[in-house]
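Please find below a short note on the structure under review. The points move from the overall fold to one helix and its surface.

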Amino acid sequence: MNKQKRASCCEQCSYYDYDEYSEEYVCSANMDEDEFMRFISGPGSYCPYFDPYDEYKIVSRQN
């Protein structure tokens, strides 16, 4: 994992998924409670798990 923190925009992250049970979008990154609290209470919105969703990258692997 890249140690450099990256700016996050949850709507553009590949971990941002729709949860049918709660009927809302949630972060599906594997974070424990301490990591999550640091993320939401930290200065700015920096997420070490941010992975930009790129559908073209997925398609290029299929070809």
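The numbered points that follow concern a predicted model.

1. Overall architecture. The protein contains two helices and four strands. Their order along the sequence is β-β-β-α-β-α, which places a strand between the two helices.

2. Burial and surface. The protein has 63 residues, of which 13% count as buried. Its exposed area is about 5,700 Å², and carbon and sulfur atoms account for 48% of that area.

3. Contacts along the chain. Consider the contacts between residues at least 6 apart in sequence: 58% of them join residues at least 24 apart.

4. A nonpolar patch. Which residues form a nonpolar patch on the surface? They are F36, M37 and I40, and together they have about 290 Å² of accessible area. F36 belongs to helix α1, which spans residues 33–41.

5. Exposure of F36. The relative accessibility of F36 is 38%. Because this value lies between the cut-offs of 20% and 50%, F36 is classed as partly exposed. It also exceeds the 30% that a residue needs for membership of a patch.

6. S41 and its contact with M37. S41 is likewise located in helix α1. A polar atom of the S41 side chain lies 2.6 Å from the backbone oxygen of M37, so the nonpolar patch residue M37 also takes part in a polar contact, for which the limit is 3.5 Å. S41 has a relative accessible area of 57% and is therefore exposed, the cut-off being over 50%.

Terms used: Residues numbered from 1 in each chain as written. Predicted model: local features only at pLDDT ≥ 70, side-chain atom pairs only at ≥ 80, totals over all residues. Heavy atoms only, no water. Patch = residues over 30% accessible without salt bridge, like charges linked within 9 Å, V, L, I, M, F, W, Y side chains within 5 Å. Areas by Shrake-Rupley, 256 points an atom, 1.4 Å probe, with all protein chains shown as cover. Salt bridge = Lys/Arg side-chain N within 4 Å of Asp/Glu carboxyl O. Buried < 20%, exposed > 50% of the residue type's maximum accessible area, 1.4 Å probe, protein only. Polar contact = N/O pair within 3.5 Å; in protein donor to acceptor, adjacent residues only side chain to side chain. Contact = heavy atoms within 4.5 Å.
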